[in-house]
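Here is a short set of exercises to work through with the structure open beside you. Try each task on your own, then follow the solution step by step.

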Amino acid sequence: MAGSRARRINVPLRHVARACAVMLFVLLGHVTVIQAFGSRALNSDPRNERPLIARYDHPRGDILTYDGTPVATSRLDRGGPYRYRRVYRHGELYAAVTGHLSLHRATGIEQAEDGVLSGQDARVKVRSLVRDGAVEGADVRLTISDRVQWAAYQSLKATGVPGAAVAVDPATGAILALATYPTYDPNVLATFDRERLARVTGRLRGDPERPLVNRALDRLYPPGSTFKLVTTAAALASREYTPTATVNAPARLRLPGTSTYVRNAGDRPCGNGRPTLLYAFQQACDTAFAGIGLQLGQDLLRDQAEAFGFNARDLTIPLPATPSRYPVAMDRAQTALTAIGRHESRVTPLMVAMMSAAVANNGVLMRPYLVQEVRLPDGSVMNRANPVPYRTAVPPTLAKYLALMMTTVRRGGGTQVAVPGVRVAARTAVTREAPGTERHALVTAFAPADAPEVAVGVVLEDAGERAPAVGPVARAIIEAALS
């Protein structure tokens with residue numbers, strides 16, 4: 001009787017025990033699922049403070065110029081839960097390169113080299129010093145020259161026109177300057193005040209001048225007459241043309257299958273309508289190069305453009321660069337327009353510099369890069385840049401022809417970029433939507449022409465009457481690089 005009563009009492013207890021066991025199993029399973037599959041989402045949740053506290057609990061590595069100037073460093077901040085705040089010296093000057101590190105976002109080198117700067121890269125963890133349980137970040141030394149970067153940014157700013165400039169060492173691919181205007185001060189985004197950060201971010205994103213956009217790498221522009229460098233290279237490579245060969249350059253050329261005409265400046269023929277290729281290049285004769293495009297065809301032009309780096313999707317410096325674009329399929333009229341830098345072909349300012357860099361380096365385009373070396377806190381070098389070829393744009397003989405043709409440019413090129421005592425190879429362009437409606441101004445150049453040390457690409461956006469200022473910007477950069 002007592003046993004039967006005990007069994008009756010134990011029945012509810014067994015039910016409770018089973019229910020507790022099931023709930024414990026579900027709880028353990030839920031925790032396991034969260035740890036295995038949900039940790040990344042939890043770490044990235046802006047409400048989770050632990051990853052942020054860990055990120056700012058130790059000093060991040062410095063970003064330095066090639067000259068050794070720290071342009072991004074960490075400073076002790078005793079006013080809250082985060083110990084170290086990012087500080088940017090001459091923030092606006094270097095913003096296009098360094099980017100910024102804010103509470104929930106990183107851009108530029110801060111993002112591209114985050115692993116080594118933060119110390120989370122496995123190579124840094126193994127070889128770095130450990131203090132208070134945290135691995136110190138490594139320093140990133142850039143290829144940027146203080147002097148050249150200053151000249152690029154200040155000369156852009158002086159124009160008062162949005163634009164970008166890039167300077168490259170043609171022999172190595174090292175980027176000596178990468179500037180964009182207008183820009184922003186990364187320090188205002190490095191604040192730990194969330195309300196202030198939201199206000200500043202909203203203001204910058206809503207600014208019609210778009211200061212957060214890296215025009216040097218992310219914006220695409222019609223190449224205008226700078227593309228005649230590519231068309232000339234394709235013409236010479238076809239062996240149907242030489243610099244002294246005569247070409248047709250009437251005052252206007254009707255596009256096949258249309259009632260539209262390509263016209264030269266002033267609506268005049270070049271060189272009595274039958275100039276040499278060299279003269280047509282010097283004078284930027286649109287009808288001559290449209291005719292060359294028709295004769296060569298879109299496939300030869302595309303092959304040559306891609307040899308210079310157009311349509312390449314593998315270019316990081318290590319910042320990602322928007323691919324410059326050459327159209328995939330065109331009719332004959334569109335091919336003629338593309339040969340003179342119109343229609344749908346587009347370039348970044350980086351590509352504008354790369355075109356000259358390839359010519360300057362005997363036809364070999366070196367892969368552009370921004371990081372010279374990564375140095376650990378103990379002073380040892382973990383990684384150093386190794387320049388490598390990226391494309392063979394043209395054979396060496398043709399590169400010499402192109403360099404000579406760029407050096408002899410006068411109208412729309414050489415005179416605007418002239419540097420006293422230095423032979424400069426250049427090709428400038430002003431894109432137009434209609435006669436008399438100047439829009440973007442571009443220049444691609446290198447110097448000295450006989451022993452190149454720097455290649456430059458500059459774009460002024462919607463320049464209008466300020467279009468002629470593009471030459472002095474390139475000149476200032478070249479002078480800084482050669483001084």
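**Exercise 1. Find the helix that holds Val22, and decide whether Val22 is buried or exposed.**

Step 1. Val22 sits in helix α1, which covers residues 2-44. Keep in mind as you look that this is a predicted model.

Step 2. The relative accessible area of Val22 is 52%. Exposed means over 50%, so Val22 is exposed.

Step 3. Now look at its partners: Val22, Phe25 and Val26 make up a nonpolar patch on the surface. Together they have about 330 Å² of accessible area.

Step 4. For contrast, try Cys20, whose relative accessible area is 42%. That value makes Cys20 partly exposed, because it falls between the cut-offs of 20% and 50%.

**Exercise 2. Trace the open sheet of six strands and name its edge strands.**

Step 1. The order of the strands is β3-β2-β1-β6-β12-β13, and the pairing is mixed.

Step 2. The edges are β3 and β13 (381-384), each of which pairs on one side only.

Step 3. Look at one antiparallel pair: strand β2 (residues 70-76) is joined to β3 by five bridges. Within this pair, Arg75 has Arg85 of β3 as its bridge partner.

Step 4. For a parallel pair, go to β1 (residues 63-64) and β6 (residues 139-142), which share two bridges. Here Leu64 is partnered with Arg141 in β6.

Step 5. Return to the edge strand β3 (residues 84-88) and check its cover: four of its five residues are buried.

**Exercise 3. Work out how β7 and β8 are connected, and how many residues of β8 are buried.**

Step 1. Strands β7 (residues 163-168) and β8 run antiparallel, joined by six bridges. One pair to find is Ala167, which stands opposite Ala177 in β8.

Step 2. The two strands form a hairpin, with six residues between them. In the turn, Gly173 has a positive phi of about 95°.

Step 3. Count the buried residues of β8 (residues 175-181): seven of the seven are buried, so this strand is largely enclosed by the rest of the structure.

**Exercise 4. Locate the disulfide and give its handedness.**

Step 1. One disulfide turns up in a search of the whole structure. Cys270 and Cys285 are the residues it joins, with an S to S distance of 1.9 Å.

Step 2. Place each end in the chain. Cys270 is in the loop between β10 (261-263) and α11 (277-283), while Cys285 is in the loop between α11 and α12 (286-296). The two are 15 residues apart.

Step 3. The torsion about the S-S bond is about -110°, so the disulfide is left-handed.

Step 4. Check the surroundings: both Cys270 and Cys285 are buried.

**Exercise 5. Explore the salt bridge between Arg60 and Glu110: which parts of the chain does the pair tie together?**

Step 1. There are 14 salt bridges in the whole structure. In this one, the side chains of Arg60 and Glu110 meet at 2.9 Å, N to O.

Step 2. Arg60 lies in the loop between α2 (50-55) and β1, and Glu110 lies in helix α4 (residues 108-112), so the pair ties together parts that are 50 residues apart in sequence.

Step 3. Turn to accessibility. Arg60 has 9% and counts as buried, and Glu110, at 0%, counts as buried too.

Step 4. Widen the view: a network of salt bridges links Arg60, Arg86, Glu110 and Asp114.

**Exercise 6. Compare the accessibility of Arg342 and Asp286, which form a salt bridge.**

Step 1. The closest N and O atoms of Arg342 and Asp286 are 3.0 Å apart. Arg342 is in the loop between α14 (332-339) and α15 (349-360), Asp286 is in helix α12, and 56 residues separate them.

Step 2. Arg342 counts as partly exposed at 34% relative accessibility, whereas Asp286 counts as buried at 14%.

**Exercise 7. Check the length of helix α17 against the expected span.**

Step 1. Helix α17 (residues 470-482) has 13 residues, and at 1.5 Å a residue they should span 18 Å.

Step 2. The end C-alpha atoms are 19 Å apart, which agrees.

Step 3. Finish by picking out its buried residues, among them Val470, Val473, Ile477 and Ile478.

Notes
Residues numbered from 1 in each chain as written. Predicted model: local features only at pLDDT ≥ 70, side-chain atom pairs only at ≥ 80, totals over all residues. Heavy atoms only, no water. Buried < 20%, exposed > 50% of the residue type's maximum accessible area, 1.4 Å probe, protein only. Pairing = 2+ DSSP bridges. Patch = residues over 30% accessible without salt bridge, like charges linked within 9 Å, V, L, I, M, F, W, Y side chains within 5 Å. Areas by Shrake-Rupley, 256 points an atom, 1.4 Å probe, with all protein chains shown as cover. Salt bridge = Lys/Arg side-chain N within 4 Å of Asp/Glu carboxyl O. Disulfide = S-S within 2.5 Å. Expected span 1.5 Å × (residues − 1).
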